[in-house]
Amino acid sequence: MGNSRFIVFEGIDGAGKSTLIKALNEKMEALGLTVHMTAEPTKYRIGRIVRSILTGESEGDEKTIAALFLADRVDHLTHPEYGMLQKLEEGTHVLCDRYYLSSYAYHVPHVTMDWVIAANSICADLKRPDLTFFIDISVEESLRRLVNSRASLERFENEERITMVRNNYFEAIDRVGQDENIIVIDGARPFETVFAEIWSITKTCLES
Ligand code: TYD
């Protein structure tokens with residue numbers, strides 16, 4: 001896969017991932033690097049089904065959602081046109097907003113952490129991120145940002161749910177951290193400070 005890097009952004013809702021990933025994409029492109037910015041759930045076939053369930057447009061229970069996210073991810077890796085493996089193979093850097101750590105955080109306890117880690121090992125075996133940024137903010141900060149930025153909150157965007165997701169993230173990082181390169185970033189600081197830290201770590205990763 002040459003020198004192309006696979007960099008993932010993770011965090012609870014409102015952590016600022018999307019702003020940071022866009023800023024990193026711009027910075028890398030300005031340096032003349034070829035970058036593919038993408039996200040999960042994807043905008044492709046299976047991702048669209050997932051989104052329709054998340055917004056309540058169609059029915060699907062939590063186990064169905066967990067299984068669909070896995071299918072979406074495998075497709076996102078392996079598709080011959082938009083697949084991330086293909087992009088990396090071509091020498092393109094890939095920046096992805098959420099990857100399997102999100103599944104460990106969002107689908108437990110509807111499925112067990114053991115199951116979701118084992119099921120996603122097919123993705124880990126295909127491609128582990130070179131770098132995962134976990135942008136950490138408190139539950140209070142998350143709720144504050146969500147209320148300020150959205151007209152309505154999505155399925156389960158409430159305090160109890162967000163607390164559970166944040167705890168799951170830390171449990172997952174404890175469990176899989178030794179096999180992954182996960183960097184916890186304090187996302188409560190001003191954007192410039194957070195981005196400067198992300199850029200400095202990314203630069204080292206690109207040069208390694
Ligand atoms: P998205 O609409 O991209 O929201 P955000 O900007 O907060 O990332 O993601 C939709 C939701 O999908 C988000 O609340 C997290 C959830 N999700 C899962 O439940 N499992 C997963 O495996 C992934 C990737 C996301």
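**Close-up 1. The surroundings of K17 in helix α1 of this predicted model.** K17 is one of the residues of helix α1, and with a relative accessibility of 9% K17 counts as buried. If the neighbours within four places in sequence are set aside, the residues in contact with K17 are F9, E10, G11, D97, R98 and I135. One of these partners, R98, is shown again in a later view.

**Close-up 2. The packing of helix α1 against helix α10.** Helix α1, which covers residues 17-30, packs with helix α10, which covers residues 191-207, at an angle of about 50°, and their axes are 10 Å apart. Because of this angle, α1 is described as oblique to α10, and the crossing of α1 and α10 is right-handed. From α1, the residues that take part are T19, L20, A23, L24, K27 and M28, and they meet F191, V194, F195, I198, W199, T202 and L206 from α10. When the residues in this contact of α1 with α10 are sorted by class, 10 are nonpolar, two are polar and one is charged.

**Close-up 3. Helix α3 beside helix α5.** Here the axes of helix α3 (residues 62-78) and helix α5 (residues 100-107) come within 11 Å and cross at roughly 180°. The two helices are therefore roughly antiparallel, since an angle over 145 degrees is counted in that way. On the α3 side the contact is made by I65, A66, F69 and R73, and on the α5 side by Y100, S103 and H107. Sorted by class, the contact of α3 with α5 has four nonpolar residues, two polar residues and one charged residue. Helix α5 is mostly covered, with eight of its eight residues buried; these are Y100, L101, S102, S103, Y104, A105, Y106 and H107.

**Close-up 4. The backbone at R98, P41 and P109.** Most residues other than glycine have a negative phi, and most peptide bonds are trans. R98, which is not a glycine, has a positive phi, near 80°, and the place of R98 is in the loop between β3 (93-97) and α5. At 13% relative accessibility, R98 counts as buried. Two peptide bonds that lead into prolines are also shown in this view. The bond from E40 to P41 is cis, with omega near -5°, and P41 sits in the loop between β2 (35-39) and α2 (45-54). The bond from V108 to P109 is likewise cis, with omega near 15°, and P109 is found in the loop between α5 and α6 (113-119).

**Close-up 5. Cysteines C96 and C205, neither of them in a disulfide.** A disulfide is a covalent bond between the sulfur atoms of two cysteines. A search of the whole structure finds zero disulfides. For C96, the closest cysteine sulfur is that of C123, and because the two sulfurs are 11 Å apart, they are too far from each other for a bond. For C205, which is in no disulfide, the nearest cysteine sulfur belongs to C96 and is 15 Å away. Both cysteines are covered by their surroundings to the extent that C96, at 0% relative accessibility, counts as buried, and C205, at 10% relative accessibility, counts as buried as well.

Technical notes:
Residues numbered from 1 in each chain as written. Predicted model: local features only at pLDDT ≥ 70, side-chain atom pairs only at ≥ 80, totals over all residues. Heavy atoms only, no water. Axes fitted to C-alpha atoms, helices over the stretch in contact; angles between N-to-C directions. Helix = DSSP H or I, 4+ residues; strand = E, 2+ residues; numbered from the N terminus. Parallel < 35°, antiparallel > 145°, perpendicular 65-115°, else oblique. Left-handed = near helix turned anticlockwise from the far one by under 90°. Contact = heavy atoms within 4.5 Å. Nonpolar A, V, L, I, M, F, W, Y, C, P; charged D, E, K, R; others polar. Disulfide = S-S within 2.5 Å. Buried < 20%, exposed > 50% of the residue type's maximum accessible area, 1.4 Å probe, protein only.
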